[in-house]
Amino acid sequence: MNAMRTGVNRVLLALAGLLLLALGGAVLAVGLGAPPPSWWLHTGPHDVLLTRAERTRWRHTAWWWPAVIATLALLVLLALWWLAAAVRRRRLTDLPVDTGDGAGARLRGRALESALAAEAAGLPGVARAHVDLRGRRTSPLVRAGLRLEPHAVPGETLTAFTTEALAHARESAGLASLPAEVRLTEAGHRAERVV
């Protein structure tokens with residue numbers, strides 16, 4: 001779902017960008033003296049966007065200003081909603097845990113993130129670890145960033161992370177599966193001096 005939202009976001013931004021680029025290019029071309037097409041609103045480079053008659057045509061009707069204000073308010077609300085959806089992080093606040101007695105319990109997402117990050121940071125070759133828990137309560141997803149020490153072997157570190165830290169988190173939360181996206185980066189280090 002997150003990938004689909006990202007794809008839709010990119011397509012909408014690309015379409016809006018292409019539309020604005022085409023419109024701006026056409027206005028610039030006509031302004032520089034290119035002959036306007038037959039369907040073009042303006043006839044030459046000195047033509048104004050809205051004439052005085054066009055600007056004041058609906059001014060005295062009762063519905064005009066409420067309609068303009070409502071349209072602009074709707075556009076602002078849609079833009080704010082789109083921005084909030086793009087910026088908002090989809091972190092899980094808690095996970096349901098089956099306790100076996102039928103009552104169940106909730107495991108805080110931050111607690112699982114902290115425990116998983118602490119165990120991952122303790123693995124050999126890991127200098128620092130950062131973990132985010134995303135997805136839905138029924139199907140969580142781990143996004144982990146592991147900063148590797150210079151001597152670490154990435155394949156071995158990834159295997160240790162999945163078989164130890166990630167397996168422990170999955171078992172402690174009582175989950176059937178816990179998929180993960182792991183990003184490995186290397187820690188910067190100073191060059192060793194050879195004498």
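**Surface patch, salt bridges and core**

Trp81 is exposed, its relative accessible area being 59%. The structure discussed here is a predicted model, and Trp81 belongs to its helix α3. For a residue to count as exposed, its relative accessible area must be over 50%.

Trp81 is also part of a nonpolar patch on the surface, which covers about 720 Å². The other residues that make this patch are Val8, Leu12, Leu13, Leu74, Leu78 and Trp82. Two helices, α1 (2–31) and α3 (64–87), each contribute at least two residues to the patch. The largest share, four residues, is supplied by α3.

The next topic is the pairing of charged side chains. How many salt bridges are found in a search of the whole structure? The search finds two.

One of them joins Arg134 to Asp132, with the closest N and O atoms 3.6 Å apart. Are these two residues buried or exposed? Arg134 has a relative accessibility of 13% and therefore counts as buried. Asp132 is buried as well, with a relative accessible area of 6%. The reasoning rests on a cut-off: a residue is called buried because its relative accessible area is under 20%.

The other salt bridge is formed by Glu181 and Arg143, whose closest N and O atoms are 3.2 Å apart. Glu181 lies in strand β5 (residues 180–186) and Arg143 in strand β4 (residues 140–148), so this pair ties together parts that are 38 residues apart in sequence. Glu181 is partly exposed, at 42% relative accessible area. Arg143 is likewise partly exposed, at 28%.

Attention now turns to the interior. In soluble globular proteins, nonpolar side chains tend to be buried together. In this model, the largest nonpolar core has 24 residues. Within this core, the residues with the most contacts are Leu116, Val142, Leu146 and Phe161. Four elements, α4 (109–121), β3 (126–135), β4 and α5 (154–173), each supply at least two of the core residues. Helix α5 gives the most, with six residues. Strand β4 thus appears in two parts of this account, because it holds Arg143 of the salt bridge with Glu181 and also supplies residues to the core.

Leu116 offers a closer view of the packing. Which residues does Leu116 contact, leaving aside its neighbours within four places in sequence? They are Val131, Val142, Phe161, Ala165, Leu166 and Ala169. Val142 and Phe161, like Leu116, are among the residues with the most contacts inside the core.

Notes. Residues are numbered from 1 along each chain as its sequence is written. This is a predicted model: local features need pLDDT of at least 70, side-chain atom pairs count only at pLDDT 80 or more; totals for chains, interfaces and linings use all residues. Side-chain values use heavy atoms; hydrogens and water are left out. Patches are made of residues with over 30% relative accessible area and no salt bridge: like charges are joined within 9 Å, nonpolar side chains (Val, Leu, Ile, Met, Phe, Trp, Tyr) within 5 Å. Accessible areas come from the Shrake-Rupley method with a 1.4 Å probe; for residues, only the protein chains shown count as cover. A salt bridge is a side-chain nitrogen of Lys or Arg within 4 Å of a carboxyl oxygen of Asp or Glu. Buried means under 20% relative accessible area, exposed over 50%, partly exposed in between (1.4 Å probe, protein chains only). A nonpolar core is a set of buried Ala, Val, Leu, Ile, Met, Phe, Trp, Tyr and Cys residues joined through side-chain atoms within 4.5 Å. Contact means heavy atoms within 4.5 Å.
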